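This report describes how aromatic side chains and one helix are arranged in a single protein chain. Please view the sequence and the structure before reading on.

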Amino acid sequence: MELGPVLYREYPIGTLGLMDDGQGLSRVFLRREVSEFDAPEGETALTLQAAMELDEYFSGKRQAFTVPLSPHGTQFQQAVWEALRAIPYGRTRTYGEIAAAVGRPKAARAVGMANHDNPLLIFTPCHRVVGKNGALTGFACGLEVKRRLLALERGA
């Protein structure tokens, strides 16, 4: 996988890094995360489009993204990430519901791992997945960020 430069932009949840691989947006991450990427800072037309769509999302003007995505993962991860992108804006699903949606109803824990490995924060909305009883559980960026994203989408 060839990585382009990283475009960093400040958003209400922190500084996000945006990367593309020449095919689509391939990585969105909080800058505070340890980065395993050795990529220079810079921008591409695609990362600029992604940044504009994130600006609109955080200002409440965008509920769906149009930027091409290019996440890299296993077949199971890809299926989970596709199911996450099908969760409507402002709604949540449980890990079990996502497992059932991908045809593996007993794989809720594996869905949790696929969420953890999601390379496209916000664009693949793993923040919309909650525990069986609706509790906020596991989120690689921390539960406070998850709360803030869900509150934004609820209009709170």
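## Burial of F29 and its partner

In this predicted model, F29 has a relative accessibility of 2% and therefore counts as buried, the limit being under 20%. Y8 has a relative accessible area of 21%, so this residue is classed as partly exposed.

The count of aromatic pairs comes to six. One of them joins Y8 and F29 edge-to-face, with 6.1 Å from centre to centre and 90° between the planes. Y8 belongs to strand β1 (residues 7–11) and F29 to strand β3 (residues 25–30), so their pairing ties together parts that lie 21 residues apart in sequence.

## The pair of Y57 and Y89

Y57 and Y89 also form an edge-to-face aromatic pair, at 6.2 Å centre to centre and with 85° between the planes. Because Y57 lies in helix α1 (residues 45–58) and Y89 in the loop between α2 (75–85) and β4 (93–94), this pair ties together parts 32 residues apart in sequence.

Both Y57 and Y89 are buried. They belong to one aromatic cluster, together with Y11, F58, F65 and F123.

## The two sides of helix α2

The buried residues in α2 are Q77, V80, W81, A83 and L84. Viewed down the axis of α2, they fall within an arc of 160°, which means that they line one face of the helix. On the other side of α2, Q75 and E82 are exposed.

The cover over the buried residues of α2 includes α3 (95–101), α4 (108–116) and β5 (129–130).

Notes
Residues numbered from 1 in each chain as written. Predicted model: local features only at pLDDT ≥ 70, side-chain atom pairs only at ≥ 80, totals over all residues. Heavy atoms only, no water. Phe/Tyr/Trp six-rings, centres within 6.5 Å; stacked < 30°, edge-to-face > 60°. Helix = DSSP H or I, 4+ residues; strand = E, 2+ residues; numbered from the N terminus. Buried < 20%, exposed > 50% of the residue type's maximum accessible area, 1.4 Å probe, protein only. Arc of directions from axis to C-beta. Contact = heavy atoms within 4.5 Å.
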